[in-house]
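Me: Could you take a close look at the aromatic contacts in this one and walk me through them? I'd like the cut-offs along the way.

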Amino acid sequence: MAEALVTFVIAENPPKRLDKALSLNVPVEASLSRTRLAKLLAEGAVKVDGIVVSDPKAKVSGGEAVEIAVPQAEESHIGPEDIPLDVIWEDDDLIVINKPAGMVVHPAPGTPNGTLVNALLHHCGDTLSGVGGMKRPGIVHRIDKETSGLLVVAKSDAAHQGLADQFAAHTVERYYRAVCYGVPDANDPRLRGVRGVNFEPGNIMKITTHLARHKTDRQKQAVLFEGGRHAVTRVRIVEPFGSPAVAAMVECWLETGRTHQIRVHMAHAGHGLVGDPVYGGRRKLAEKAIGAAGIEAAKTFPRQALHAAVLGFEHPLSGEMLRFEAEIPADMAALIAALGSKSG
């Protein structure tokens, strides 16, 4: 297999461990993440002063000459497919996509093709420099199949690591628009009795729980207060619907990003999302309050009314702050219009 040779010298006063010194000193243009460097070390692809070293804890003092033999990225086993993409931004290192509802992000046993990854392999082609030694897009976060909106995907190993670090540190800005049953208002006395729910200034509902897989339904997430993973969602009312209000468009933003987090948190607070077949249910709305058009629109909406509207992060290589917005898709816009027709 063809190899590329990456050479550099470890700077003075480096971290004492070889793996950390490599991560700090490897040229940015090599696009080698910490994870990839660890794999190359283990494979014996790293020479220090001409000697193969595979121990990540090996000591360095500075001034050592390093050679890394990087194999050419292998072709992915996932097939490229010519599927149209709504590309919001693209450069050599990353791509931002406005994903439509109904598209799965990554192939799985139930959906081996027709996914975002299949589409990206076709769209990006040879511009994928390799993530983890494979010519594939680096998926650092996902949104559910029936959720629409913004996703950032890495095209290089270095971008993948940099984005993954930001998601792990919860520094990525993510705002969602959703349509829920009821109105999550601080004046609702019921919400004062819901564990994990409180309100911050500005009538912002904060939901703090742990989340884990449901004990009996492995496709669902369940709210816990011991065990599981810490999860925080904040919710702001954008527009109430009905007279009196029986539904609302809300803005949700994530402090953490767990599977189904917004959907399960909103259901826990008693404000499940319209159209959500797993957590939202099909609630009966008063025609007097919302009108026949609103009743029909909520009853027949075919997916969870959730859209990833805003995505902001630091470009992992240039350091530039990037922020993207995606308009609410046509199906949600029609739902909002129908729900709002009677409320004015």
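Reply: Let's start with the yardstick: rings of Phe, Tyr and Trp (for Trp, its six-membered ring) pair if their centres lie within 6.5 Å, and planes under 30 degrees apart count as stacked, over 60 as edge-to-face and the rest as tilted. Keep in mind that this is a predicted model, where local features need pLDDT of at least 70, side-chain atom pairs count only at pLDDT 80 or more, and totals for chains, interfaces and linings use all residues. Residues are numbered from 1 along each chain as its sequence is written, and side-chain values use heavy atoms, with hydrogens and water left out.

Searching the whole structure turns up 3 aromatic pairs. In one of them, the ring centres of Trp89 and Phe324 sit 5.8 Å apart with the planes at 55 degrees, so that pair is tilted. The partners come from distant parts of the chain, 235 residues apart: Trp89 is in strand β6 (residues 87–90) and Phe324 in strand β18 (residues 321–325). Strands here are DSSP E runs of at least two residues, numbered from the N terminus. For accessibility, buried means under 20% relative accessible area, exposed over 50%, and partly exposed in between (1.4 Å probe, protein chains only). Phe324 is buried, at 9%, while Trp89 has 26% and therefore counts as partly exposed. Add Phe313 and you have one aromatic cluster of Trp89, Phe313 and Phe324.

Tyr175 and Trp253 make another tilted pair, at 5.4 Å centre to centre and 40 degrees between the planes. Since Tyr175 lies in strand β11 (residues 173–181) and Trp253 in strand β16 (residues 245–254), the pair ties together parts that are 78 residues apart in sequence. Trp253 is buried, with a relative accessible area of 18%, and Tyr175 is partly exposed at 22%.

There's also a charge to look at: Arg195 lies over the face of Phe225, at 4.0 Å from the ring centre. The test for that is NZ of Lys or CZ of Arg within 6 Å of the ring centre and within 35 degrees of the ring normal.

How far can you trust the coordinates? pLDDT is the predictor's confidence in each residue, from 0 to 100; the protein's mean is 89, and 94% of its residues reach 70 or more. Confidence is highest in β18, at 98, and lowest in strand β8 (residues 134–135), at a mean of 54. Where pLDDT is low, the predicted coordinates should not be read in detail.

How values were computed: Helix = DSSP H or I, 4+ residues; strand = E, 2+ residues; numbered from the N terminus.
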